[in-house]
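The following exercises concern strand pairing, helix packing and the surroundings of one residue. Each task is followed by a worked solution.

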Amino acid sequence: MENKGKYYITTAIAYASGKPHIGNTYEIIMADSIARYKKLLGYDVYFQTGTDEHGQKIEEKAKAAGVTPKEFVDIQAAEIKRIFDLMNTKYDRFIRTTDDDHELQVKKIFRRLYDKGDIYKSEYEGWYCTPCESFWTDSQLVDGKCPDCGREVHREKEESYFFKLSKYQKQLEDYIETHPEFIQPESRKNEMVNNFLKPGLQDLCVSRTSFKWGVPVDFDPKHVVYVWIDALSNYITGLGYDVDGNHGELYKKYWPADLHLIGKDIVRFHTLYWPIMLLALDVPLPKQVFGHPWMLVGEDKISKSRGNAIYADDLVKFFGVDAVRYYVLHEMPFAQDGTITWELVIERINSDLANVFGNLVNRTVAMTNKYFGGQLHKPTEGTEFDDDLKQFTLNTVKTVEDKMDQLRVGDSLESIMELFRRCNKYIDETAPWTLAKDEANKERLNTVLYNLLEGIRFGAVLISPFMPETAEKVFAQINTKATDYDSLSSFGNYECNKVTEKPEPLFARLDSAKVMEEVHAYLDKPEEKLEHKDEISIDDFARTEIRIGKVLECEKHPKADKLLVSQIKIGPEVRQIVSGIAKWYKPEEMVGKKVLVVCNLKPVTLRGVESQGMILCAEDENGNLEAVTVDKVEDGAEVH
Ligand code: ME8
């Protein structure tokens with residue numbers, strides 16, 4: 001296939017502050033579908049996503065959770081990646097802003113802008129919104145609250161570094177004017193121009209001293225780099241951009257980005273601050289920023305605190321990966337917000353995936369088996385219905401191409417669904433079951449089924465970027481290898497291999513009331529929690545001396561069946577310890593084990609035998625007990 005050139009696509013990097021909801025997840029599914037579609041067309045695609053891990057909010061959340069910020073983001077990033085992987089997204093790099101290569105370049109970028117005089121030191125006083133990590137002036141506040149999120153703001157004053165946005169305003173305006181496709185959809189562009197550029201850009205505060213969790217400014221380490229400067233840089237650092245010009249191969253090949261896919265709330269950062277950073281660094285600007293709309297639950301904003309959040313992994317449990325991908329991609333309009341509820345997902349699966357797509361494939365494969373033992377031959381004749389179907393099929397390829405060029409993903413899926421509807425109509429028009437009654441119609445029946453299988457093949461190839469697993473299932477059922485884009489250049493490339501004998505339905509029809517009952521039972525299930533003891537401080541814990549001990553000898557207690565008596569070497573000492581483990585261990589099984597011993601327990605005498613410590617064991621609900629052991633560490637080593 002002809003190489004169409006390179007295509008670099010990115011998503012926003014998700015805040016590593018909590019589990020991503022279906023709205024956040026929609027963005028990566030959409031990016032994945034665009035990336036797969038471009039690959040299908042023959043582009044050399046690089047797709048990057050990842051996590052935004054610094055900032056005050058994350059520092060505070062980590063503190064509340066009693067872990068270090070790095071421990072906190074490690075857990076969050078793993079969860080975010082798990083959800084992205086579950087949704088079958090095939091990114092080339094999952095960048096984390098705590099990655100060393102990224103942090104190094106962020107430091108260098110900040111220093112370069114400072115050395116150039118584009119960043120300068122001054123003092124800042126303003127209204128600060130902690131969740132948004134943004135300063136606001138009096139006039140920017142809305143009813144005294146943060147204009148972005150509507151939450152409380154507080155007064156803060158700090159010595160800060162500032163970025164001279166104003167210096168590049170004119171250059172940016174010219175770029176936006178001469179590149180009408182740069183900010184999409186059009187409505188978002190107008191918002192940026194009218195609300196921010198026309199009034200004039202203010203210099204941006206780009207460092208913080210009120211918290212520590214960020215990339216330090218290397219020449220003034222009490223400051224950390226503003227999280228947006230850090231986060232936006234990921235799009236170039238992830239490719240191996242180097243401030244000193246020693247760029248990696250990926251950067252040389254893929255930059256500038258063809259598409260930054262982001263949500264409507266962060267268009268300002270991507271179309272004003274980011275291009276100005278690039279202008280200041282003398283780096284070419286990205287070709288397009290697309291601010292997609294938001295997904296709502298019913299009519300409300302998705303919010304964990306409101307308790308209305310829907311998560312991709314829960315949906316997948318009930319409907320499978322591809323049905324969820326289909327729903328979010330099909331349902332999200334181009335510019336207006338879209339909506340999701342569990343009931344709507346069920347309705348859409350029934351109306352489109354079960355009744356139209358699944359039913360078409362199932363009926364066609366079943367008829368091919370029934371009337372031809374699963375094996376057709378290439379047809380020799382046609383009728384007007386056939387021409388119409390063929391034309392419709394070929395047109396669908398073009399329509400999808402046009403729509404995808406404009407990133408109208410939902411419309412593209414609708415066109416593919418229209419093709420399946422057209423095929424179903426063709427079944428009604430040709431009535432294969434009637435043709436089958438007369439042997440004289442055998443050739444005609446072969447043609448009809450061939451055209452249907454070919455229509456299905458076209459639909460499956462076209463839908464493969466959006467529903468990759470389903471497309472594979474269809475290819476397997478109709479047994480075709482003609483799955484590349486070139487095979488769609490003309491109607492009639494289906495090879496007539498023997499179709500599968502027993503086609504599995506692609507999508508089961510769902511009984512809404514029944515499924516909703518199960519959904520409620522599942523979602524209302526109280527979260528299981530362990531009972532915890534009172535909190536202790538690290539100092540309290542440090543009072544317990546736990547060391548590794550090697551069991552040298554072990555025998556039964558002379559007077560108690562439940563007890564074993566061990567001689568345990570702990571570094572230079574040997575201690576005698578009595579433990580209630582005879583039910584689980586024979587004495588000889590203990591010999592040689594390196595166990596954990598509490599050394600500073602007051603000695604006690606148990607049925608006449610002194611015990612100078614305690615072996616640590618784990619016991620589960622089923623009554624299994626195991627001594628905790630180590631492998632490599634020498635006896636005497638302390639556990640902390
Ligand atoms: O904004 N529907 O991260 P984030 C659709 N770290 N998209 C939604 C949405 C919804 N209901 N809610 C959020 C950040 N999003 C920054 C980005 S990029 C250098 C730094 C989108 O985890 C949101 O618009 O809050 C954004 O594009 C993405 O999810 C991640 O949001």
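**Exercise 1.** Which residue in E15 is the bridge partner of valine 297?

*Solution.* The model under study is predicted. Begin with the sheet: an open arrangement of 3 strands runs in the order E15-E14-E16, with mixed pairing. Its edge strands are E15 (300-301) and E16 (338-340), each of which pairs on one side only. Next, take E14 (residues 295-297), which pairs with E15 in the antiparallel sense over 2 bridges. Finally, the bridge partner of valine 297 in E15 is aspartate 300.

**Exercise 2.** Determine how the axes of H14 and H17 are oriented and describe the contact between these helices.

*Solution.* The axes of H14 (residues 384-405) and H17 (residues 442-463) come within 11 Å and cross at roughly 5°. Angles under 35 degrees count as roughly parallel, and H14 and H17 are therefore roughly parallel to each other. The contact of H14 with H17 comprises 6 nonpolar, 5 polar and 3 charged residues. On the H14 side, the residues include Asp386, Lys390 and Val400; on the H17 side, Arg444, Asn451 and Phe458 are among them.

**Exercise 3.** Establish whether aspartate 220 is buried or exposed, and identify its contacts.

*Solution.* Aspartate 220 lies in the loop between E10 (207-208) and E11 (224-225). Buried means under 20% relative accessible area; aspartate 220 has 11% relative accessibility and so counts as buried. Leaving aside residues up to four places away in sequence, aspartate 220 touches Lys121, Glu159 and Tyr161. With tyrosine 161, the aspartate 220 side chain makes a side-chain polar contact at 2.5 Å.

Terms used. Residues numbered from 1 in each chain as written. Predicted model: local features only at pLDDT ≥ 70, side-chain atom pairs only at ≥ 80, totals over all residues. Heavy atoms only, no water. Axes fitted to C-alpha atoms, helices over the stretch in contact; angles between N-to-C directions. Helix = DSSP H or I, 4+ residues; strand = E, 2+ residues; numbered from the N terminus. Parallel < 35°, antiparallel > 145°, perpendicular 65-115°, else oblique. Contact = heavy atoms within 4.5 Å. Nonpolar A, V, L, I, M, F, W, Y, C, P; charged D, E, K, R; others polar. Pairing = 2+ DSSP bridges. Buried < 20%, exposed > 50% of the residue type's maximum accessible area, 1.4 Å probe, protein only. Polar contact = N/O pair within 3.5 Å; in protein donor to acceptor, adjacent residues only side chain to side chain.
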